[in-house]
Amino acid sequence: MKKIYIDEKAFEVEKTELLGSELKEMAGISIDMRLVVEVKDEPDEVVINENTYEIKNKLHFFSELYIRKVTVSIDRKKYEVKSKITGMELKVLASINQAYQLIREVKDAMDEPLQDAVTYQLIDGDKIFSIPSEINNG
Amino acid sequence: MNLPEEDITYLQSKGIDFEIIDRPNGLDIILKDYNISDNFTTDKVDVLVKVPAGYPMAQLDMFWVHPEVYVKSTGLKPPQADVMENIDNLNWQRFSRHYRWETTFTLATHINVINKSLR
């Protein structure tokens, strides 16, 4: 029997592997809700419903519901921030010019602009950078 | 000159096919078969970014595309993108796009500026 944690709540698991969807079901989390698994010394990994995960003792998972401290980079500098935070809060924290746009890097897809008034779920290892809002043609 | 590791990681994480060409005063990066908006007459171009030797202290500025693109709705070249430059025997269309450079900016910043310009 192995013990894993989802949002810091302990679950004893007999199986050696579980699907992402099974993990969410076990924790009573909506299938559409984002869940991440903490990976030692690496960025968090997003749990995909259809993927299989090896169940190891003391594995930690976190959903969007849980607010924790994560380490992200903003313009190449590391910051420890709340996992739920607005675009404006990030700008203030990193002393980013308020006129600039914040962007979160997304693997294999277009990067995601972060709006000032919107709350975002950040994960460990997220890379955020700023771009100027004013681009001069010519 | 070498491109910083984080820039290479960024390009790789995007699945972008790219080529780096050493130049006397820096290097050129060519992003190959880069998808652009369907507002233009072609949906894929090669994009060239010139990286000066002093980068990232020195800024990234402008970008070039090949083949040239026209705006579908007008049939014209995009604003301030009407200059053609011969680079390695190919005609590249220069997009004059300038912004205030911060030394914390990276290639990711410039690529997002390029994306905005090619929307």
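A salt bridge is a side-chain nitrogen of Lys or Arg within 4 Å of a carboxyl oxygen of Asp or Glu. The exercises below apply this and related ideas to a predicted model with chains A and B.

**Exercise 1. Determine how many salt bridges join chain B and chain A, and examine the one between A:D111 and B:K14.**

Solution.
Step 1. The count between the two chains is two salt bridges.
Step 2. For the pair A:D111 and B:K14, the distance from N to O is 2.3 Å.
Step 3. The cut-off is 4 Å. The side chains of A:D111 and B:K14, at 2.3 Å, therefore meet in a salt bridge.

**Exercise 2. Describe the interface of chain B and chain A by its polar contacts and by the elements and residue classes on the side of chain B.**

Solution.
Step 1. Across the interface, 13 residue pairs are in polar contact, with both residues at pLDDT 80 or more.
Step 2. On the side of chain B that touches chain A, the elements giving two or more residues are α1 (5-13), β7 (97-98) and α2 (107-117) of chain B.
Step 3. Of these, α2(B) gives the most, with six residues.
Step 4. Sorted by class, this side of chain B holds twelve polar, seven nonpolar and six charged residues.

**Exercise 3. State the extent of the interface in residues and in buried area.**

Solution.
Step 1. In chain B, 25 residues are in contact with 22 residues of chain A.
Step 2. The size of an interface is often given as the accessible area lost when the parts come together.
Step 3. For chain B and chain A this buried area is about 1,900 Å². Carbon and sulfur atoms give 52% of it.

**Exercise 4. Identify the strand of chain A that pairs with β7(B), and give a bridge partner.**

Solution.
Step 1. The strand is β15 of chain A, residues 136-137.
Step 2. β15(A) and β7(B) are antiparallel and share two bridges.
Step 3. Within this pairing, A:N136 has B:H98 as its bridge partner.
Step 4. Confidence should be considered here: β15(A) has a mean pLDDT of 84, where confidence in chain A is lowest.

**Exercise 5. Trace the strand pairings of chain B from β2(B) to β6(B).**

Solution.
Step 1. Strand β2 (residues 26-35) of chain B runs antiparallel to β3(B), joined by eight bridges. One of the bridge pairs is B:Y34 with B:V45 in β3(B).
Step 2. β3(B) also pairs with β4(B), in the antiparallel sense over three bridges. Here B:L48 stands opposite B:W64, and B:V47 is partnered by B:V65.
Step 3. β4(B) is joined in turn to strand β6 (residues 90-95) of chain B, again antiparallel, by three bridges. B:V65 has B:Q93 as its partner in β6(B).
Step 4. Taken together, B:V65 has a bridge partner in β3(B), B:V47, and another in β6(B), B:Q93.

**Exercise 6. Analyse the hairpin formed by β1(A) and β2(A).**

Solution.
Step 1. Strands β1 (residues 2-6) and β2 (residues 9-13) of chain A are antiparallel over five bridges.
Step 2. A:K2 stands opposite A:V13 in β2(A).
Step 3. Two residues lie between the strands, and A:D7 in the turn has a positive phi of about 55°.

**Exercise 7. Locate the cis peptide bonds at B:P56 and B:P67, and the positive phi of A:K58.**

Solution.
Step 1. B:Y55 and B:P56 are joined by a cis peptide bond with omega about 5°. B:P56 is in the loop between β3 (44-52) and β4 of chain B.
Step 2. B:H66 and B:P67 are likewise joined by a cis peptide bond, with omega about 0°. The place of B:P67 is the loop between β4 and β5 (83-87) of chain B.
Step 3. A:K58 is not a glycine, yet its phi is positive, at about 70°. This residue lies in the loop between β6 (52-54) and β7 (60-63) of chain A.

**Exercise 8. Assess the confidence of the model overall and in each chain.**

Solution.
Step 1. The model scores ipTM 0.79 and pTM 0.80.
Step 2. Chain B averages a pLDDT of 94, with 100% of the residues scoring at least 70. Confidence in chain B is lowest in α1(B), at a mean of 92, and highest in β4(B), at 98.
Step 3. Chain A has a mean pLDDT of 93, and 100% of its residues reach 70 or more. Confidence in chain A is highest in helix α2 (residues 87-93), at 97.

Notes:
Residues numbered from 1 in each chain as written. Chains lettered and ligands numbered in written order. Heavy atoms only, no water. Contact = heavy atoms within 4.5 Å. Buried area = accessible area lost by both parts, 1.4 Å probe. Polar contact = N/O pair within 3.5 Å; in protein donor to acceptor, adjacent residues only side chain to side chain. Helix = DSSP H or I, 4+ residues; strand = E, 2+ residues; numbered from the N terminus. Nonpolar A, V, L, I, M, F, W, Y, C, P; charged D, E, K, R; others polar. Pairing = 2+ DSSP bridges. pLDDT = per-residue confidence, 0-100.
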